[in-house]
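Biologist: Please take a close look at one part of this model for me, the part that a record annotates for DNA. Walk me through it from the annotation to the atoms.

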Protein chains: 2
Amino acid sequence: MPPKANPQSSEIPTPKGEEPGSPAQRDRRKRIIDATLALAASGGYNAVQMRAVADKAEVALGTLYRYFPSKVHLLVAGLAREFQQTRDKLERTTIPGDTPGDRLVFVLGKTTRALQRDPHLTEAMVRAFMFADTTAAAEVELVGGLMEDMFATAMGKKEPTEHDRAIFHLIADVWMANLIAWVSRRASASDVHQRLELSVRLLINGTSS
Amino acid sequence: MPPKANPQSSEIPTPKGEEPGSPAQRDRRKRIIDATLALAASGGYNAVQMRAVADKAEVALGTLYRYFPSKVHLLVAGLAREFQQTRDKLERTTIPGDTPGDRLVFVLGKTTRALQRDPHLTEAMVRAFMFADTTAAAEVELVGGLMEDMFATAMGKKEPTEHDRAIFHLIADVWMANLIAWVSRRASASDVHQRLELSVRLLINGTSS
DNA sequence: CACGATACTAGAACATGTTATAGTGCATGG
DNA sequence: CCATGCACTATAACATGTTCTAGTATCGTG
């Protein structure tokens with residue numbers, strides 16, 4: 001009796017709800033992302049070299065590629081893990097601010113400052129995110145979903161409308177574009193903050209005053 | 001008698017107003033960008049291989065690197081040339097639309113459709129633009145300036161205020177982010193169009209209806 | 001337990017961006 | 001005219017992402 005439909009063999013898809021694989025595999029995956037983020041934090045995108053990641057994670061190069069088919073996948077998965085943490089923390093916090101817009105600005109500001117505290121790490125993750133090609137589209141969308149979650153949480157919208165989500169998307173675009181500008185030294189931290197605030201004012205509050 | 005200040009030797013900076021170098025050099029530079037864009041159009045980012053560019057432009061690899069210090073510089077310079085053309089054409093055209101916002105939407109839509117007619121070329125240029133690191137910041141800013149010019153022209157603002165420019169910047173961010181999403185098949189052409197329209201409505205017109 | 005499949009390892013091999021080397025031609029100032 | 005310096009050429013070398021190969025280990029299943 002062949003199993004009805006279980007085409008998961010030899011594939012390691014992105015974990016959606018449940019963690020896939022044996023405990024040893026989950027551990028390897030964790031070690032790999034740990035190694036990736038450690039290298040990224042120390043020297044940015046260029047320091048994340050596949051051989052170095054494999055060494056530090058104590059897996060063979062081939063194994064690394066079995067888990068993550070490219071450097072970009074790896075770094076975007078790292079960004080996803082970071083954002084998951086951020087989102088989960090957010091969901092357990094009370095966010096200050098009088099209006100939903102204020103709360104969103106608060107969350108954006110706080111998260112941005114946290115990212116800016118680790119410039120190399122941020123550079124590595126954000127550049128990979130932006131550079132991602134079609135083969136990493138799923139991972140990038142995952143991150144997009146996390147940003148949406150964060151914004152929805154910030155604004156206290158448990159079930160955002162289609163219009164809400166469209167706005168979140170725009171804000172995410174502006175956010176990432178400004179982070180890229182910041183990591184390539186085309187924008188200062190205060191530029192980034194001001195632009196985020198302006199976007200939220202115009203996109204959420206609908207006032208330009 | 002040393003020349004007062006002419007540190008241009010052995011440097012080939014981005015041409016600002018006037019074209020630098022001998023005619024032969026200007027010709028080489030043109031051939032290089034032509035070759036780059038041709039390869040990009042045929043196979044996208046991956047097809048723009050430095051040896052292939054050098055061959056097609058009939059220069060030695062070392063010469064290619066003397067003109068453009070990296071693949072990203074090369075492709076961003078290509079994008080700059082394309083946008084220069086677009087901007088110049090715009091400045092000679094009458095743009096339809098009842099309001100500045102309408103005209104901006106028109107220009108964004110038209111330019112986006114033009115880019116989408118050459119998916120590989122767009123993929124190559126936009127991914128390089130997003131991936132650019134600090135060493136290519138100047139080239140990226142050049143492109144940013146061209147986008148500002150285009151938007152200002154579209155809206156008939158010959159001398160935009162600081163606030164105008166801030167808004168242009170946000171729209172450019174949204175535009176580029178959506179192009180990236182489009183080239184990596186995370187957004188359809190109509191997604192892109194709708195988001196651009198929404199951004200302009202909210203950022204320029206200040207109405208969400 | 002024994003077997004077969006799948007996963008892992010070590011290492012080589014390959015692809016392509018980038019840098020370095022040696023030689024050639026050409027233009028420019030003396 | 002000549003010497004000097006610079007740009008260009010051809011080519012090799014190097015760095016790192018990615019793929020491939022052969023052997024070994026591990027895991028689930030009859």
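**The DNA-binding region and its surroundings**

Modeller: In an unreviewed UniProt entry, the annotation "DNA-binding region" covers residues 49-68 of chain A. Keep in mind that the model is predicted. Over residues 49-68 of chain A, the chain is 75% helix and 0% strand. The end C-alpha atoms of that stretch are 13 Å apart. The unreviewed entry also lists "domain: HTH tetR-type" for residues 26-86 of chain A. That span is 87% helix and 0% strand, and its end C-alpha atoms lie 21 Å apart.

Take DNA strand D. It is surrounded by 18 residues. Those that come nearest are A:Gln49, A:Arg51, B:Arg28, B:Thr63 and B:Tyr67. Both protein chains are therefore represented among the nearest residues to strand D.

Now the atoms. The side chain of A:Gln49 places an N or O atom 2.8 Å from a phosphate oxygen of strand D. A:Met50 uses its backbone instead: an N or O atom there lies 2.8 Å from a phosphate oxygen of strand D. From chain B, the side chain of B:Thr63 has an N or O atom 2.6 Å from a phosphate oxygen of strand D. The elements giving two or more residues to this surface are helix H2 (50-57) and H3 of chain A, with helix H1 (23-47) and H3 of chain B. The largest share comes from H3(B), with 3 residues. By class, the surface near strand D has 7 nonpolar, 5 polar and 6 charged residues. Of the strand D atoms within 4 Å of the protein, 69% belong to sugar or phosphate. The rest belong to bases.

Turn to DNA strand C. Here 18 residues surround the strand. The closest are A:Arg28, A:Thr63, A:Tyr67, B:Gln49 and B:Arg51. The side chain of A:Arg66 brings an N or O atom to 3.0 Å from a phosphate oxygen of strand C. On chain B, a backbone N or O atom of B:Val48 lies 3.4 Å from a phosphate oxygen of strand C. The side chain of B:Tyr65 holds an N or O atom 3.1 Å from a phosphate oxygen of that strand. Two or more residues each come from helix H1 (23-47) and helix H3 (61-67) of chain A, and from helix H2 (50-57) and helix H3 (61-67) of chain B. H3(A) gives the most to the surface near strand C, with 3 residues. That surface divides into 7 nonpolar, 5 polar and 6 charged residues. Of the strand C atoms within 4 Å of the protein, 67% are sugar or phosphate, and the rest are base atoms.

One more piece, from chain B. The axes of helix H4 (residues 71-91) and helix H6 (residues 119-131) of chain B come within 8 Å. They cross at roughly 115 degrees, and the crossing is left-handed. From H4(B), the contact takes in B:Val72, B:Leu75, B:Val76, B:Gly78, B:Leu79 and B:Glu82. From H6(B), the partners are B:Leu121, B:Ala124, B:Met125, B:Ala128, B:Phe129 and B:Phe131. This contact has 10 nonpolar, 1 polar and 1 charged residues.

Terms used. Residues numbered from 1 in each chain as written. Chains lettered and ligands numbered in written order. Predicted model: local features only at pLDDT ≥ 70, side-chain atom pairs only at ≥ 80, totals over all residues. Heavy atoms only, no water. UniProt positions renumbered as here; feature names shortened; annotations may be inferred. Helix = DSSP H or I, 4+ residues; strand = E, 2+ residues; numbered from the N terminus. Polar contact = N/O pair within 3.5 Å; in protein donor to acceptor, adjacent residues only side chain to side chain. Nonpolar A, V, L, I, M, F, W, Y, C, P; charged D, E, K, R; others polar. Axes fitted to C-alpha atoms, helices over the stretch in contact; angles between N-to-C directions. Left-handed = near helix turned anticlockwise from the far one by under 90°. Contact = heavy atoms within 4.5 Å.
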